[in-house]
Structure formats: structure tokens, C-alpha cells
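Morning, everyone. I have one structure to walk through today. Please have a look at it first.

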Amino acid sequence: MNWRRGGLVALLGLVGARWYWTRLLASAEAGAASDGKSSPLIGRLLTGLRQRRRREKIADSTGAALTGGALLTRSLVLRRLLRRHVLQPDERQVGILLPPTCAAVAANVALTLDRRVTVNLNYTLTAELLNSCLKQAEIRHVVTSRRFMERMPLTLDAELVYLEDYAEKPTLVDKVVGAFQGYVLPIGLLQRGLGIDRIRDDELLTVVFTSGSTGQPKGAMLTYGNVASNVEAVGGVLRVQPHDVVLGILPFFHSFGYTITLWAVLLLDVATVYHTNPLEAKVIGKLMRKRRGTILLATPLFLRTYLRRCEPADLATLEAVVTGGEKLPMHLADDFEKTFGIRPVEGYGTTETSPLISANIPPSRAIGDPTAVVREGTVGKPAPGVRVKVTDLETGEEVGVGAQGMLHVSGPNVMKGYLGQPEATAAAIRDGWYATGDVVTIDAEGFITIVGRESRFAKI
């Protein structure tokens with residue numbers, strides 16, 4: 001009888017504790033979203049992962065799959081390990097050399113929750129150019145994996161941190177603390193405990209290096225506010241829904257992949273499935289069929305590959321396809337729609353604008369008349385919060401509707417500047433307006449048409 005009474009008391013205690021923590025958690029989460037002391041990005045990250053704590057959030061072609069709670073827990077444990085075994089307190093920038101996978105996502109989240117500046121390195125560059133990036137960003141450690149480095153033999157001027165070496169390092173305390181922080185601790189308390197409750201929007205979140213095609217790579221400094229504003233814009237364009245599954249094939253060393261297929265999917269209530277090589281069409285087709293992908297972000301080059309090698313059933317669940325990086329030919333859009341039953345639309349951006357500047361809204365996500373938000377042959381209207389103007393190439397004076405000129409962009413998406421290059425920053429950004437180097441026209445409805453490139457290709 002005493003045993004039964006004790007068991008009943010314990011059960012009631014657990015129920016009461018669960019009710020208490022649930023109420024406290026809901027209260028803290030509601031407050032985190034409006035906490036003016038910290039950047040919205042951190043609060044939304046933690047809230048977004050908690051929203052899907054028991055639902056799958058990310059998966060990849062290696063077979064890995066994590067719920068929102070598991071991803072947050074693993075990232076917090078990795079944060080503890082890196083602080084204890086690797087990183088020094090004064091170490092600001094940390095490199096990441098990984099393809100888009102669950103491991104790469106966890107590494108980015110772990111370092112961000114430790115208030116470090118992530119630098120996702122372009123593994124398609126030569127060792128010489130990569131070492132230039134390491135030197136410019138003063139990077140001492142690069143997080144990577146042995147399996148990946150075996151395929152990418154590079155001699156780098158930094159200490160490599162192999163994730164496999166830390167698989168067995170978490171102690172019981174690490175696991176218990178990580179689980180408590182990931183699943184139970186109120187978000188407001190978690191932010192304060194990690195020392196990330198007062199991050200400002202103008203603080204540096206990441207450095208994205210250009211390809212170096214016209215010289216040494218330049219590091220575009222993107223802030224918490226830059227990325228958070230772009231995620232808001234992406235949400236407005238794609239109008240994502242909880243059932244959505246995004247195909248993550250874009251590398252995180254490009255701002256397109258970093259902002260949209262990393263941060264947007266972390267902050268928004270969607271799931272994502274990653275694959276390391278966007279040109280492996282057969283693997284991607286099987287992955288999309290298995291995971292029932294609904295959103296594809298790609299380049300026209302990738303779409304051509306999928307047309308040749310994917311079966312119509314592979315992409316049958318697609319609801320939105322958005323391309324960038326090069327002009328979307330109408331015959332390619334026609335062929336893709338004929339084969340897969342979904343018509344691609346075009347967007348546009350640059351590394352320096354985090355990246356989204358403008359986009360056509362996919363017809364399936366349009367509210368009202370789709371023709372008001374889609375105009376083929378253009379790169380769409382400016383994203384929410386983004387301002388644009390066109391200036392004469394010779395005089396620099398602003399031109400009228402329909403006239404050709406240089407596109408300038410202003411808004412919360414414009415980078416802080418180029419890392420360690422104030423002269424290049426001053427040349428690119430004047431009075432808050434970033435000169436894209438692209439010649440465009442803007443019609444009366446606000447649709448942007450790219451006419452030519454003055455000095456370089458758009459980076460998206």
C-alpha cells in the first residue's frame with residue numbers, strides 16, 4: 001500500500017512538473033520572439049527547432065535524420081565539446097569545410113550558439129585561394145570530416161577539426177545537459193545561459209567569400225540582421241507551409257545556400273533533405289521521391305541535368321521551383337513543365353545582398369491573380385524590405401521607368417562590407433546603396449529585367 005501511495009505521489013509529481021515546465025516554456029518562448037535585447041534570428045532559431053522538437057527537421061542522403069529537438073541537442077553538445085577541446089575564448093572566426101549535410105547544419109548551429117563567426121569555405125577553390133580566405137579571416141581551426149577530406153586533399157594553413165574524432169567524446173553530463181537544454185529549458189533562460197541573449201542585428205554572423213574569379217576572394221560580411229531580413233523575404237516569396245520539404249543541394253559557402261537552404265529552413269516551419277552534389281540527378285530524384293520534396297531551389301544548369309536523368313515520378317510532389325545564377329531560358333521552363341508538371345520561376349541576388357534581391361513568386365504560392373507576381377523573362381519584383389533604383393551608366397543620375405542603367409540596392413539585406421577591405425567596401429556601397437554591377441530595366445509594375453552585366457556575373 002505504501003509502495004502504491006509512493007508511486008502515485010511520484011506520478012502526480014511528474015505530471016505537475018510537466019505541466020509547470022510546459023507553461024513556463026510556452027511563456028518563455030512567447031517572450032523570446034519579442035525580446036528586443038537580442039537579434040530575432042537567435043530567438044527564431046531556437047523557437048523553430050522547438051516547434052519541431054518531435055518532428056523531422058533535417059535529413060540527408062547518408063541516411064541521417066534529426067528532429068528539431070535532436071538537432072538542437074546535438075548542436076549544443078558539439079558546442080560544449082568544441083569549447084572544451086578546441087576553441088579558445090578569443091577565437092572569433094571558425095572555418096567549416098563540409099558539403100550540405102546534417103553534420104554541416106549542426107556545425108553551423110553549434111558555432112552560432114557559441115557566438116562565433118562561421119566561415120563556410122569553398123571546397124571547389126584551390127588550396128592557395130582557400131589559404132587566402134583563412135588568412136583574411138584569421139581562422140585558426142577548420143571543422144571538417146576525415147571522409148570528406150580524403151576526397152578533397154587540400155593542404156590548409158589551419159588546424160583541421162575532424163567531427164568523427166568527437167563522436168565518442170561526449171560524457172554523460174554532456175548528454176544530459178544537452179538534452180535538458182534542447183528539450184526542456186525555457187528559451188529565454190537558454191539564451192541567457194549561453195550568453196547569446198544580447199546579440200545585436202549589426203553583429204557579424206558569417207563571412208561569405210566570393211569565388212576569386214577576378215583576383216583574391218573578398219569576404220562579404222553578413223550580419224544577424226542581414227540574414228534575418230532575408231529569411232523574412234524568402235518566407236514572403238515562397239510562403240512556406242508546415243508540410244513543405246525543401247531540397248537542400250546548394251553549398252553553404254554561397255550566400256544562396258547559406259541563407260536559404262540553411263537559415264531559412266532552420267527558422268521557418270519546414271523540413272529539409274540535403275545532398276552533397278547537385279549534379280547527381282539520379283540520387284536526387286530518388287531522394288525527392290522518398291522524402292516527397294515540395295520546394296526546389298536550383299540553377300538552370302541543374303534543371304537541365306534533372307530533365308535528362310530524373311523520372312517524372314521523382315519530382316511529382318514538387319510545388320515550387322525557383323532558379324537563379326543565370327538566365328532561365330523559356331524553352332527550358334517549357335520542357336521542365338512538360339516533363340514534371342511544374343513551371344520554374346526566376347529570382348535574383350548577389351552575395352553582397354545576403355543574397356535575395358528580387359524573385360517571381362511561384363504560381364502555386366500566389367495569393368490572388370498569379371500574373372500580378374510572375375512575369376516571365378524578368379527576375380521578379382524586389383523582395384519585401386528591399387529598395388532598388390536604376391542610375392545612368394555615365395552620369396550616375398537616377399533614370400525613369402523602363403530606362404536602362406546600373407541597379408543599386410538598399411535595405412537590411414545589404415552586407416556590412418568586405419572583410420578588411422574598406423576601400424572596396426566604399427567603392428561598392430555609397431550612402432547605403434550597393435552597386436550590383438548589373439544593367440537592368442524596371443517596368444511600371446516593378447518587375448526587374450536584367451539586360452547585361454557591367455563587370456561580373458550575379459552570384460546566386
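Leaving aside neighbours within four places in sequence, which residues is Leu-266 in contact with? Keep in mind that this is a predicted model. Here is the list. Leu-266 touches Leu-45, Gly-48 and Leu-49. Leu-266 is also in contact with Lys-57, Leu-71, Val-105 and Val-109.

Now the core around that residue. The largest nonpolar core has 119 residues. Leu-266 is one of three that touch the most other members, along with Trp-263 and Leu-296. There is also a second core, separate from that one, with 24 residues. Val-117, Leu-129, Ala-137 and Met-149 are among them. As background, nonpolar side chains in soluble globular proteins tend to be buried together.

Next, the cavities. How many of 30 Å³ or more does the structure hold? The count is 5. The largest has about 110 Å³ of space. Its lining is made up of 14 residues. Nearest the centre are Phe-256, Ile-260, Leu-297, Val-322 and Leu-356.

Which elements build that lining? Helices α9, at 224-238, and α10, at 255-267, each give at least two residues. So do the strands β12 (320-323), β13 (345-349) and β14 (356-359). The largest share, 3 residues, is from α9. By class, the cavity lining has 11 nonpolar residues and 3 polar ones. Charged residues are absent from the cavity lining.

On to the pockets. The largest pocket holds about 980 Å³ of space. Its lining counts 29 residues. Closest to the pocket centre are Arg-74, Thr-101, Cys-102, Ala-103 and Leu-163. What classes make up this lining? We find 16 nonpolar, 6 polar and 7 charged residues.

As for elements, α3 (68-85) supplies the largest share of the pocket lining, 4 residues. Strand β2 (65-67) and helices α4 (102-113) and α6 (146-151) each supply at least two.

One last residue, Thr-210. It is found in the loop between β7 (204-209) and β8 (219-223). Is Thr-210 buried or exposed? Its relative accessible area is 13%. Buried means under 20%, so Thr-210 counts as buried. What does Thr-210 touch, not counting residues up to four places away in sequence? Pro-217, Lys-218 and Glu-352.

To close, go back to the pocket and the cavity on your screens. The pocket lining includes 7 charged residues, whereas the cavity lining has no charged residues. Thanks, and over to you.

Notes. Residues numbered from 1 in each chain as written. Predicted model: local features only at pLDDT ≥ 70, side-chain atom pairs only at ≥ 80, totals over all residues. Heavy atoms only, no water. 1 Å grid on protein atoms, 1.4 Å probe; cavity = no way out; pocket = protein on both sides within 12 Å on 5 of 7 lines; lining within 4 Å. Points joined across faces, edges and corners; volume = space filled by probe spheres on them. Nonpolar A, V, L, I, M, F, W, Y, C, P; charged D, E, K, R; others polar. Core = buried A, V, L, I, M, F, W, Y, C linked by side-chain atoms within 4.5 Å. Buried < 20%, exposed > 50% of the residue type's maximum accessible area, 1.4 Å probe, protein only. Contact = heavy atoms within 4.5 Å.
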